[in-house]
Amino acid sequence: MAAPNAIANAMSRLDLEGHDLPPSPAPSTPSNGRRYALATELVHTNVGDQHHAANMPIYQTATFHGGPGQQYDYTRSGNPTRTHLENHLAKIMNANRALVVSSGMGACDVITRILKPGDEVVTGDDLYGGTNRLLTYMKENGGIIVKHVDTTKLDTVKAALSDKTAMVLLETPTNPLIKIIDIAGISTAAHEASPNAVVAVDNTMMSPYLQNPLDLGADVTYESGTKYLSGHHDLMAGVIGVNNLALGDKFFFMINSTGCGLAPFDSWLLLRGIKTLAVRMEKQQANTMAIAQFLEAHGFKVRYPGLKSHSQYALHWSQARGAGAVLSFETGSIALSERIVESTKLFGISVSFGCVNSLISMPCRMSHASIDPALRKERALPEDIIRLCVGIEDINDLVDDLSQALVRAGAVTLTKDGFVAREVEGETGTTKQVVDEP
Ligand SMILES: *Cc1c(COP(=O)(O)O)cnc(C)c1O
């Protein structure tokens with residue numbers, strides 16, 4: 001499936017002179033002047049090591065000897081392994097500067113620390129739980145005014161914007177509702193209403209491989225490196241990218257002041273994860289698409305921007321190069337959903353996503369359980385919704401695992417024609433035909 005804007009995206013990446021590229025260790029300009037594709041850049045970094053190390057060494061040290069004027073003196077302020085990662089990420093995120101910190105929420109903290117009492121923040125009503133918690137704390141303790149609005153509606157966002165707007169915080173696609181937010185439209189409106197407003201986009205669900213918010217007019221892109229960038233759920237990291245270097249300096253000031261810069265070992269681990277981002281994402285997306293089609297074909301209401309049935313399909317593909325690897329679907333019954341989630345074997349029950357193995361969860365019972373049920377209802381978060389975060393396993397094994405879980409849970413029936421009919425909705429699950437345990 002090709003993005004309608006694929007050619008436009010490719011053209012926008014042409015940089016014949018190679019002037020406006022970030023200071024990256026990756027070779028950037030082939031002899032014909034064309035910039036390498038992202039999949040290539042992800043893999044190559046010139047280490048420039050004195051011993052010609054093929055991979056960036058881990059500078060596992062807190063201090064560096066020498067006097068003033070040298071590049072590194074103390075790891076809280078800077079470390080070669082972290083710098084190498086930041087320069088590599090800047091290129092991948094189409095940013096002039098990237099900064100890495102100890103978690104995605106750490107990145108959100110660094111970004112929102114530029115706010116002062118009385119500043120207004122316009123943000124979505126379907127945010128990542130941790131972001132919601134941090135903003136609520138700032139509202140209650142920091143004198144920040146936070147306006148949660150339906151960011152899928154440009155007019156609603158415009159109505160909330162004013163010259164007091166200091167920051168607009170967006171996330172797209174949201175999860176688990178998979179709502180798409182118009183990054184370019186809102187960025188333009190925000191800067192019109194308040195020229196100094198900082199538009200920050202949480203790009204965790206897409207990763208820089210599929211979406212580059214800075215190219216769409218955002219001032220800041222940030223994401224949890226814990227998810228797709230790392231890919232293996234073996235580290236926590238947060239990544240921030242900017243084109244405005246003054247803003248980058250402000251964020252660096254916060255990182256140096258609070259000491260949340262990513263540790264050398266985790267920086268090295270993240271560098272390793274990033275190299276396989278393209279292959280992982282391609283495979284995970286292909287698997288997700290197949291599962292989305294499978295579920296939709298069996299009558300479930302599926303939310304996935306790769307499906308034409310997604311009401312914001314066109315908007316998503318106007319700003320992203322892929323649909324990602326998270327989908328959600330409804331079964332019509334909470335008890336049925338619970339049984340499905342408990343019945344899968346390959347899909348592990350877990351919060352989070354972005355890992356090479358597949359995960360399943362019921363957001364209302366897990367990641368979103370802390371949200372008051374009344375508020376969940378107000379935000380139209382269906383209590384029976386199941387979220388799938390699809391990994392790189394063999395697609396037949398995944399579909400098979402899901403099929404068996406659906407049958408075992410009583411969501412579908414096996415007929416003589418095979419796995420076809422969908423069981424009627426209800427709390428009891430009357431299906432009697434259970435497949436053998438594998
Ligand atoms: C996981 C996540 C975060 C927070 O990242 P951590 O690395 O867990 O701190 C922020 N936003 C989104 C969309 C996430 O999925």
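In this predicted model, a polar backbone atom of Met105 sits 2.9 Å from an oxygen atom of the ligand. Two side chains also make polar approaches to the ligand, those of Asp202 and Thr226. Here is a quick tour of the ligand site, followed by the sheet and the helices that pack on it.

**Around the ligand**
- The side chain of Asp202 places an N or O atom 2.6 Å from a nitrogen atom of the ligand.
- For Thr226, a polar side-chain atom is found 2.6 Å from an oxygen atom of the ligand.
- The ligand on its own would expose 380 Å², and the protein buries 94% of that area.
- There are 13 residues around the ligand, and those that come nearest are Gly104, Asp202, Ser224, Thr226 and Lys227.

**The sheet**
- Seven strands form an open sheet with mixed pairing, in the order S1-S7-S6-S5-S4-S2-S3.
- Strands S1 (97–101) and S3 (145–149) each have a single partner strand, so one side of each edge strand lacks a neighbour in the sheet.
- From one strand to the next, the twist averages 20°.
- Strands S5 (residues 198–202) and S6 (residues 220–224) run parallel and are joined by three bridges.
- Within this part of the sheet, Ala200 stands opposite Val220 of S6.

**Helices on the sheet**
- Helix H8 (residues 245–258) packs on the sheet, where it touches S1, S5, S6 and S7 (238–242).
- The direction of H8 makes about 20° with that of S1.
- Helix H5 (residues 129–141) lies across S2 (120–124), S3, S4 (165–171), S5 and S6.
- Relative to S3, helix H5 runs at about 140°.

Definitions and conventions
Residues numbered from 1 in each chain as written. Predicted model: local features only at pLDDT ≥ 70, side-chain atom pairs only at ≥ 80, totals over all residues. Heavy atoms only, no water. Pairing = 2+ DSSP bridges. Helix = DSSP H or I, 4+ residues; strand = E, 2+ residues; numbered from the N terminus. Axes fitted to C-alpha atoms, helices over the stretch in contact; angles between N-to-C directions. Contact = heavy atoms within 4.5 Å. Near = heavy atom within 4 Å. Polar contact = N/O pair within 3.5 Å; in protein donor to acceptor, adjacent residues only side chain to side chain. Areas by Shrake-Rupley, 256 points an atom, 1.4 Å probe, with all protein chains shown as cover.
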